[in-house]
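Biologist: Please take a close look at one helix for me. I want to know how it sits against the rest of the chain.

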Amino acid sequence: MSLTKPTFPAPDHDHGRCTAEAIAHAEQVCARRAQKFTPIRRQVLQALLSSHRPLGAYEVIDELAKSMPRPAPITVYRALDFLMENGLVHRIESRNAFLACAHDHDETSMVAFLICELCGSVGEIPATPVAQSLNAAARASGFAPKLSVVEIAGTCAHCQK
């Protein structure tokens, strides 16, 4: 995973450019994988890109309903599944919410989520060494790990100022 973007964007960053770059990246990923980036998939990703905070599925629906007829939950869940399978969206387990991925990595890369308890923003950092250690410890106890999610709650640098 490359950290070409800051873990937490500055509050005054160019969000329009940030969103445009994320959509362009999604288009490239889908083209490279011969996947269809359908209008609903694009709209769901755009809804998630409306902020750097995770949104629940029904919050995504509410966001979409501002500019189109209210979509059915199954439609949004299918789009979210597609976006997660292609590494464009992450699920924040502790919040039962989804976050547009701001970094260029594949869907199998292990990341840790840094969740700011004050502003609600979520950053991601590479966590492969941590995941490898946890998986090795789990296997040593006879457990077959399937999914590792690392979420760290705290306060981002912007809120600490």
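Modeller: What follows is a walk around α4, from its length to its packing. Bear in mind that this is a predicted model.

Start with the geometry. α4 runs over residues 73-85. Its 13 residues should span 18 Å at 1.5 Å a residue, and the end C-alpha atoms are 18 Å apart, so the two values agree.

Now the sides. Which residues of α4 are buried? They are V76, A79, L80, F82 and L83. These residues cover an arc of only 160° around the axis, so they lie on the same side of α4. An α-helix has 3.6 residues a turn, so residues three or four places apart point the same way. The face turned away from the buried side carries R78 and E85, which are exposed.

What covers the buried residues of α4? The cover includes α1, α2, α3, β1 and β2. L83 gives a close-up. Beyond its neighbours within four places in sequence, L83 is in contact with F37, R41, V44, L45, L88 and V89.

L83 also belongs to the largest nonpolar core, which has 25 residues. L83 is among the residues with the most contacts inside that core, along with V44, L45, L48 and V60. α4 supplies at least two residues of this core, as do α1 (15-32), α2 (39-48), α3 (57-65) and β2 (97-100). A second core is separate and has six residues, including I92, L99, F113 and V122. In soluble globular proteins, nonpolar side chains tend to be buried together.

Last, the exit. G87 follows α4, and its phi is positive, near 70°.

Definitions and conventions:
Residues are numbered from 1 along each chain as its sequence is written. This is a predicted model: local features need pLDDT of at least 70, side-chain atom pairs count only at pLDDT 80 or more; totals for chains, interfaces and linings use all residues. Side-chain values use heavy atoms; hydrogens and water are left out. A nonpolar core is a set of buried Ala, Val, Leu, Ile, Met, Phe, Trp, Tyr and Cys residues joined through side-chain atoms within 4.5 Å. Buried means under 20% relative accessible area, exposed over 50%, partly exposed in between (1.4 Å probe, protein chains only). Helices (H or I, at least four residues) and strands (E, at least two) are DSSP runs, numbered from the N terminus. Contact means heavy atoms within 4.5 Å. The expected span of a helix is 1.5 Å times one less than its number of residues. The arc is that of the directions from the helix axis to the C-beta atoms.
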